[in-house]
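Reader: Hey, got a minute to go through a model with me? I'll jump around a bit.

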Amino acid sequence: MRLGLKGLFNQRNQGNGFVEEIDKQTLPKHIAIITDGNGRWAKKRGLPRTAGHAAGMRRVRETIRAANDLGIEVLTFYSFSTENWKRPKEEVDYLMKLPVEFLKTDLQELVDRNVKVQMLGEKRQTPNFTQEALTEFEDKTKHNTGMILNFAINYGSRDEILSMIQKIIDDVELGNISKSDISEQIVSERLLTKGLPDPDLVIRSSGEIRISNFLLWQIAYSEFWFTEALWPDFSKEMFFQAIKEYQRRSRRYGSL
Ligand code: IPE
Ligand code: IPE
Ligand code: MG
């Protein structure tokens, strides 16, 4: 084998992320990012975990700018999973306030950039102030025609799949479709990502090589890029490096 486990990571070539080397003709349409490692970043510095989340938000902002400048069509962040409710209340409360902060600091720039903000996940289970901020993001950017920016908040892929099954059963029972009509398209149209292309590239920071209940159906043929960098250390250069690596890969979809 050419690469050991370490070869899965691209840490060593980090300095290599020159944006000029990216081929604009073969950009991934949809990049999805699991922004992991905020807590460990803070712990290493003797800071509370919430400080890691604040630093992580700054990296989210930089990554949005980099993706938008490059011409990426869809950018998705996994910001809060259905499992993250199990964390201490103080941390959950802090995370739920971040969209409110982000609205104050970033809404205008996103509007100016013609970015359309959308959510994946059930907003109604979040506190009112979170829902209001998320709704305002969606409302104020809904006519924008540029990059689609998805935040997966209170998102879990298994939950999404369960709702899809329920929707299909409803449609069969109502006679809208028959059992033999059920196709990949029928499934995709009943997922939260309806209308979006599947992710071409999935990035995860913090050295964890797992999916953690993210877009299970949609990533069937995604390319993966992992880095040991903790999310608050994730740089624009790493982002460009992931895209360059993606462009070197040969996607065969089972064919030759
Ligand atoms: C990712 O960082 C952000 C969220 C899951 C909300 P973590 O908070 O998971 O950080 P680690 O993985 O504990 O370092
Ligand atoms: C994945 O990170 C979810 C988010 C980044 C929001 P977690 O830190 O929650 O995942 P695990 O616990 O390492 O699988
Ligand atoms: Mg984590």
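Reader: Let's start inside: which residues line the largest cavity?

Author: Keep in mind that this is a predicted model. The largest cavity is lined by R61, I64, R65, F102, D106, E109, L110 and R113.

Reader: And how many cavities of 30 Å³ or more are there?

Author: The count comes to one. The volume of the largest cavity is about 40 Å³.

Reader: Which elements supply at least two residues each of that lining?

Author: Those are α2 (49-70) and α3. The largest share comes from α3, with four residues.

Reader: How does that lining divide into nonpolar, polar and charged?

Author: Five residues are charged and three are nonpolar, with no polar ones.

Reader: OK, on to pockets. How much space lies in the largest one?

Author: About 730 Å³. Several elements give two or more residues to its lining: α1 (38-44), α2, β2 (74-81), α3, α4 and β4.

Reader: Which residues lie nearest the centre of that pocket?

Author: T35, N38, Y78, S79 and F80, out of 34 lining residues. By type, the pocket lining divides into 17 nonpolar, 10 polar and seven charged residues.

Reader: You mentioned α4. How many residues does that helix have, and how far does it reach?

Author: Helix α4 runs over residues 128-141, which is 14 residues. From first C-alpha to last it reaches 20 Å, close to the 20 Å expected at 1.5 Å a residue.

Reader: Which of its residues are buried?

Author: T130, Q131, A133, L134, F137, E138 and T141 are buried in α4. They cover an arc of only 165° around the axis, so they sit on the same side of the helix.

Reader: What's on the face turned away from the buried side?

Author: That face of α4 carries N128 and E132, and those residues are exposed.

Reader: And what covers the buried residues?

Author: The cover includes α3 (89-112), β3 (116-120) and β4 (148-155).

Reader: Switching to loops. Which residue other than glycine has a phi of about 85°?

Author: That's S206, where phi is positive although the residue is not a glycine. For background, most residues other than glycine have a negative phi. S206 lies in the loop between β5 and β6.

Reader: Is S206 buried or exposed?

Author: Buried: S206 has 7% relative accessibility, and the cut-off for buried is under 20%.

Reader: What about N213, what's phi there?

Author: Near 65°, again a positive value in a residue other than glycine. N213 is also found in the loop between β5 and β6. With 14% relative accessibility, N213 counts as buried.

Reader: Now R210. Where is its place?

Author: R210 is in the loop between β5 (201-204) and β6 (223-226).

Reader: Why does R210 count as partly exposed?

Author: Because its relative accessibility is 46%, and partly exposed covers the range between under 20% for buried and over 50% for exposed.

Reader: Which residues does R210 touch, leaving out those up to four places away in sequence?

Author: R210 touches I34, R204 and F226.

Reader: Last one: how far apart are R210 and G254?

Author: They are 44 residues apart in sequence and 22 Å apart in space, C-alpha to C-alpha.

Terms used:
Residues are numbered from 1 along each chain as its sequence is written. Chains are lettered from A and ligands numbered from 1 in the order in which they are written. This is a predicted model: local features need pLDDT of at least 70, side-chain atom pairs count only at pLDDT 80 or more; totals for chains, interfaces and linings use all residues. Side-chain values use heavy atoms; hydrogens and water are left out. The expected span of a helix is 1.5 Å times one less than its number of residues. Buried means under 20% relative accessible area, exposed over 50%, partly exposed in between (1.4 Å probe, protein chains only). The arc is that of the directions from the helix axis to the C-beta atoms. Contact means heavy atoms within 4.5 Å. On a 1 Å grid over the protein atoms alone, a cavity is a set of points where a 1.4 Å probe fits but cannot get out, and a pocket is an open set with protein on both sides within 12 Å along at least five of seven lines; lining residues have an atom within 4 Å of a point. Grid points are joined across faces, edges and corners, and a volume is the space filled by probe spheres set on the points. Ala, Val, Leu, Ile, Met, Phe, Trp, Tyr, Cys and Pro count as nonpolar, Asp, Glu, Lys and Arg as charged, and the others, Gly among them, as polar.
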